[in-house]
Amino acid sequence: MQLHLSFLKSELDKRQQQQALRKLQDNSEMIDFSSNDYLGMAHSIQLKELIHKNSIYINKNGATGSRLLSGNYKATEDLEIFIADYHHSEKALLYNSGYDANVGLFSSILKRGDYVLYDEFIHASVRDGIRLGFANAFSFKHNDLNDLERLLNNSAGKIYVAVEAVYSMDGDMAPLKKISQLCEKHNAALIVDEAHSAGIYGNAGEGLCNQLNIQDKIFARLVTYGKAFGVHGAAIIGSSVLCDFLINFSRSFIYTTALPPHAVLAIQSAYTIMQQEHEQLVENLFNNIELFKKSAAALKLPLGHDFDTAIQTVILPGNENVKKAATKLQEHNFDVRPILSPTVPQGKERLRIILHSYNTTVDIEKLVTFLHSNT
Ligand SMILES: Cc1ncc(COP(=O)(O)O)c(C=O)c1O
């Protein structure tokens, strides 16, 4: 066993030398510029009370099995019908997490001889799913339609294209309408990860595909509940055929205990609150995004993009630089996280600043001033 542990230790030492060692930390008492709780749903009293009120109707503490065995319930199926309707789709299928959903989707649909073309900045869960599939896989340059078309021209048979609506590490948006037109032209199936856009865009948080009214052109969408919805879990949204296929072939759906009834109730309740509060919460969020961007521009901070998204970045090349800046921010009670290489390309290391509906004007202005004098 010594041999095995020494290997692990040497890998950790390498990470340390690259200034890229990851450690768990609890920053929950700090001013939140880091969590994915974009709309404050994770700490919403209304949501908490609704879940609490309805939890008396739950008569099991756990799902007791996978969906195909003892873990399927009417409440789960009702929720899936509700989700499909909410996002204007034929069907929805719940997964235990967005990670599971992407791995289960890509690994099951990608067959030998297929092509999957994915944005170079696509989330790790999509990459892992692709790795477990058997398709020819190629990445195209981030948000680059010409590069995507070049790859589409070189592909044949069943072609899939995978993008995020809002990119998790960069915070910019995919040119979804144009990508969907390209996919249509080349008869490619488009898959959109809406982890960072669901709950925010659309009339009631349906997501960016709905806002752009291209939902019918999308082969599959991923919605996650651990971010703007403030709870946990995920759903793949698409056709009945797709969902039936996943029930039969998607291993991360089949071989795992289903979401517990509490989680199902939490997702259903999060939708209820989302419907009631979406307009106000999103207005607050976009006001804060605008304030951050204006203040940062006035002080000439090197922002990574110009999109109106909750994920903003300040580029500070070098792992050591960006780690130092984040430590200083945290010492002053700002929860801001550094994004290091290899998570992002070398030279593109950054501070990732997440804006929320509940950040205060004073805190945002203080943060920008602090960034200006300390980066
Ligand atoms: C783009 C993207 N897709 C999928 C996931 C996975 O979702 P979950 O956290 O529900 O596993 C994440 C989460 O970090 C993400 O950022």
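This briefing walks through the cores, salt bridges, backbone features and surface of the structure above. The model is a predicted one. Its largest nonpolar core has 84 residues, and a second, separate core has 26 residues. The salt bridges come to 14, and a few of them are introduced below.

**The nonpolar cores**

- In soluble globular proteins, nonpolar side chains tend to be buried together.
- Within the largest core, of 84 residues, Val161 and Leu351 have the most contacts.
- Helix α11 (residues 261-298) gives this core its largest share, 13 residues.
- The second core, separate from it, has 26 residues, including Ala189, Ile236, Leu246 and Phe253.
- Neighbours within four places in sequence aside, Val161 is in contact with ten residues you can look up, among them Leu117, Phe140, Leu148, Ile179 and Cys183.
- Ala189, a member of the second core, is also one of the residues in contact with Val161.

**Salt bridges**

- Lys158 and Asp114 meet through their side chains in a salt bridge, at 3.0 Å from N to O. Lys158 sits in the loop between α6 (145-153) and β5 (159-164), and Asp114 in the loop between α4 (98-109) and β3 (115-119), so the chain positions linked here are 44 residues apart. Lys158 is partly exposed because its relative accessibility is 46%, while Asp114 is buried, with a relative accessible area of 3%.
- Glu184 and Lys217 form another salt bridge, with 3.2 Å from N to O. This pair links distant parts of the chain, 33 residues apart: Glu184 is in helix α7 (residues 176-185), and Lys217 is in the loop between α8 (208-211) and β7 (220-224). Glu184 counts as exposed at 51% relative accessibility, whereas Lys217 counts as partly exposed at 44%.
- Lys293 and Asp306 meet in a salt bridge of 3.3 Å, N to O. Lys293 belongs to helix α11 and Asp306 to the loop between α11 and β9, so the pair ties together parts that are 13 residues apart in sequence. Lys293 is buried, with a relative accessible area of 13%, but Asp306 is exposed at 63%.
- Asp308 joins Lys293 and Asp306 in a network of salt bridges.

**A buried charge without a salt bridge**

- Asp363, in helix α13 (residues 361-374), is buried yet has no salt bridge.
- The nearest side chain of opposite charge belongs to Lys366, 4.1 Å away; a salt bridge needs the nitrogen and oxygen within 4 Å, so this pair does not count as one.
- Apart from neighbours within four places in sequence, Asp363 is in contact with Ile31, Phe33 and Phe334.

**Backbone features to look for**

- Most residues other than glycine have a negative phi, and most peptide bonds are trans.
- His88 is not a glycine but has a positive phi of about 55 degrees. His88 lies in the loop between α3 (74-86) and β2 (91-95) and is partly exposed, with a relative accessible area of 46%.
- Lys300 also has a positive phi of about 55 degrees without being a glycine. Lys300 is in the loop between α11 and β9 (311-315) and is exposed, at 72% relative accessible area.
- The peptide bond from Ser341 to Pro342 is cis, with omega near 15 degrees. Pro342 falls in the loop between β11 (337-339) and β12 (350-354).

**A nonpolar patch on the surface**

- Met1, Leu5, Phe7 and Leu8 make a nonpolar surface patch of about 470 Å².
- Leu8 is part of helix α1 (residues 2-17) and counts as partly exposed, at 49% relative accessibility.

How values were computed:
Residues numbered from 1 in each chain as written. Predicted model: local features only at pLDDT ≥ 70, side-chain atom pairs only at ≥ 80, totals over all residues. Heavy atoms only, no water. Patch = residues over 30% accessible without salt bridge, like charges linked within 9 Å, V, L, I, M, F, W, Y side chains within 5 Å. Areas by Shrake-Rupley, 256 points an atom, 1.4 Å probe, with all protein chains shown as cover. Helix = DSSP H or I, 4+ residues; strand = E, 2+ residues; numbered from the N terminus. Buried < 20%, exposed > 50% of the residue type's maximum accessible area, 1.4 Å probe, protein only. Lys, Arg positive; Asp, Glu negative; His and termini not counted. Contact = heavy atoms within 4.5 Å. Core = buried A, V, L, I, M, F, W, Y, C linked by side-chain atoms within 4.5 Å.
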